[in-house]
Amino acid sequence: MFLRDRRLALLPALALAVLTAACGGSDDGGNGGSTAAADTIPVAATDDFCEVEASELEAGTHEFEVTNGGSKITEFYVYAEGDRVMAEVENIAPGLSRPLLVELPAGEYETACKPGMIGDGIRNPLTVTGESAQLSEDESLAQAAEDYQRYVQSQTAALTEQTTAFVEAVKAGDIEGAKALFPVARTYWERIEPVAEIFGDLDPRIDGREGDQAEGEDFTGYHRIEKALWETGDVSDMGPYADQLQADVAEIVALANETTLDPLQLANGAKALLDEVATGKITGEEDRYSHTDLWDFAANLEGSQAAVQALRPYLEEADPELVTEIDERFAETEAELGQYRAGDGWMLHDQLSEEQLKGLSDSITALTESVSQVAAVVADR
Amino acid sequence: MTEQQGPEPQPAGVSRRRLFGWVGAGTAGVLAAGATGGMIGRTTAVETASSSGPGPDDAVEFTGAHQAGIVTPAQDRLHFVAFDVTTDDRDELVEVLKNWTAAARRMTAGRDAGPVGAVEGERFAPPDDTGEAIGLPPSGLTLTIGFGPTLFRTAEGVDRFGLDARRPAPLTDLPAFAGDQLDPAISGGDICIQACANDPQVAVHAVRNLVRLGAGVVSVRWSQLGFGRTSSTSTGQDTPRNLFGFKDGTNNLKAENETALDRFVWVTDDDSGADWLSGGSYLVTRRIRMLIEPWDTSTLDEQHRTIGRTKGTGAPLGQREEFDPVDFRKQVDGEFAIPETSHVFLANPTNSGTAILRRGYSFVDGSDGLGRLDAGLFFIAYQRDPETGFVQVQRNLRLDAMNEYIRHTSSAVFACPPGIRDDADWWGRALFDG
């Protein structure tokens, strides 16, 4: 957890704009615009395939209907260049179908299913023809905030579901089930930390680590339960902590869904997520009992990339060289991290050697240098 | 969301946006001889023809009402050492304290640690000085001793030296603070010695020889080298920069402000433990690792808002010059110029409700295993009572934006007795003889 962005909430100049428009409450991650979808495109997702019944579309609003016929939880994304998320639907359990509404201007896109929720996913090209809207700088920055808002809402919906499942497993005394859900629920949390953490005391209560508390404060949240799961293997007294966690997450989700970061906050948030990786995950401080830090690492990285890519249309106009550099360094970091994949998850932090951790640290340091340039480009408009 | 009224008043009952009368009040331009240490003759032939006070090579008087090394204008280099006492024999410990005092008396005057010297002794005896300071001037060396809580009673509750009844109430372990990541192996200690000098070799020489004199009675628990003072403790000194690149200690208590020192730094006759500690002070050390890489990639604006001052001049945000008053009410474009989570806002005496004398040093202990600088600030503060000094300040820093960029990795507290009175006096005499 970190405190930096909490302060932003105090500053009128960077005050949070509250979206009054649509989007709120929609948990399909769709664009939610007023335009009705012209069609419904079936997507058959399995553990090995991602069959999208269209590779060319007219510009406009479309609905994808994603059916998970595999055995793993899956996700479905529509990416613009640079993996800018145009729309996504998270957390599709085996056997379920989920709709995804998305408005696509003309351009080249990719769709992706992510069985097991990690990696680049199974990709398919998607060409959209017709009129392409040329946005002004201000419009593209406004669009960035809206796009990121949509990303946040797709994450908060999955965060709520997975945290509920985690809490239920804890209260049922299902140690192994809870252990498996712990890094999954945290993935959605870690992806959106910049927005989740602007809300006062909620962040320390949900994500505080042991020792973060002042005298007289209780140690609560994910890590309190993590300690019980991995240290003692006894969660019989964790009921109140589990209930509190669920209530706190519900509260922060409601706040986050109504919050839009301005473009500068978006840029700083992308950088702050990488700082999180550098100071908490690489050192193994975050998940000190479960050692599942690499899940959080990957989630921070994805969240940072989502924030940067939301700004991409603007950045491509304002500083194309920086975009190229950032793309390369995200790819390098992903490749570095990708070496430590284990099945549908990640190796444990204490399974990595000092040398391997240094490789990760070096790639994050380089990436941070590039991403830290974004704020100035955004402020320059 | 901005609170126009500012946060709730602090426990001390001080309005967070009201200035104490004494803060920023004019300070006397005259050095207080008793407080800062008068200059004595040096053993070297070098004489600095300076009319503005001591030169960096000069000696600092070892005796005085207060120990040197507290309000003495901060020297450039530090070697700090904390000891565990390994004996249970009170007489052995007293013997070491007497030997240390004699050696400190000599070394602060620019002489060898032992009476014979580095090269004058018997051919087949080890020299009583290690020799690396031969030819070096006194270099402003000060040696300051302190006694930790565990000297009076061990962590296991044992009163090894019959001192437990004489432990002043404020001398207890510091409470846990939010975010502490303390390593016990480099925290605490029964006795500490702070060696400060303008030449690192002089400071290291002093500690090395004192450690040697203590062999068999004390053992080094941990030590810390520091370069680059991060506070000015006299109005005659420029404000230095810490490793964040910012001026540090602009509003520090200064040697010339005796009223504030009496109120906030020196233990008085009415305080607990005054029978041996009056005229002394409590020393708090914190090794504060700076997360250099995240800091270096943060924007200038973020850095300004984190500290609450500008990086260039050190002026408080909203002001022009370094020593312009810190005005927490000043608004720029409808918001407070100094953010309420900035370090200056939260640490300033106005808002913390107290003041401490800071005397810290920058350190770089190489790099960590990930290739990142293991660097930061070795924080040193002197105060009349840790509870109303450092502890109160640190509690107020709970929401400090700077916390994002630092980690406290070691912590210690010591009671530093008053100064050495005369040639017969020795470190801890009033405590052990009293």
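Visitor: Which residues does A:Tyr151 touch, not counting those up to four places away in sequence?
Guide: Leaving those neighbours aside, A:Tyr151 touches A:Val85, A:Ala306 and A:Ala310. Keep in mind that this is a predicted model.

Visitor: Okay, and where does A:Tyr151 sit in chain A?
Guide: You'll find A:Tyr151 in helix 2 of chain A, which covers residues 137–171.

Visitor: Is A:Tyr151 buried or exposed?
Guide: Buried, because A:Tyr151 has 24 C-beta neighbours inside 10 Å, and 20 or more is enough to count.

Visitor: What separates the C-alpha atoms of A:Tyr151 and A:Ala242?
Guide: A gap of 26 Å, with the two residues 91 places apart along the chain.

Visitor: Switching to sheets: what order do the strands take in the open sheet of chain A?
Guide: The order is 3-2-5-8, so to speak from one side to the other, for 4 strands with mixed pairing.

Visitor: Which strands stand at the edges?
Guide: Strand 3 (50–52) and strand 8 (97–104) of chain A do; each has a single partner strand, so one side of each has no neighbour in the sheet. From one strand to the next, the twist averages 20 degrees.

Visitor: How many bridges join strand 2 to strand 3 in chain A?
Guide: There are 3, and the two strands run antiparallel, with strand 2 spanning residues 40–45. A:Ala45 stands opposite A:Cys50 of strand 3.

Visitor: Now chain B. What does UniProt place at residues 239–419?
Guide: An unreviewed UniProt entry lists "domain: Dyp-type peroxidase C-terminal" there. Over that stretch chain B is 22% helix and 25% strand, and its end C-alpha atoms are 27 Å apart.

How values were computed
Residues are numbered from 1 along each chain as its sequence is written. Chains are lettered from A and ligands numbered from 1 in the order in which they are written. This is a predicted model: local features need pLDDT of at least 70, side-chain atom pairs count only at pLDDT 80 or more; totals for chains, interfaces and linings use all residues. A residue is buried if 20 or more other C-beta atoms lie within 10 Å of its own, exposed if 12 or fewer, and partly exposed in between; C-beta atoms are placed from the backbone. Two residues are in contact if their C-beta atoms, placed from the backbone, lie within 7 Å. UniProt positions are given in the numbering used here, feature names are shortened, and annotations may be inferred rather than shown by experiment. Two strands pair if DSSP finds at least two bridges between them. Axes are lines fitted to C-alpha atoms, for helices over the stretch in contact, and angles run from 0 to 180 degrees between N-to-C directions.
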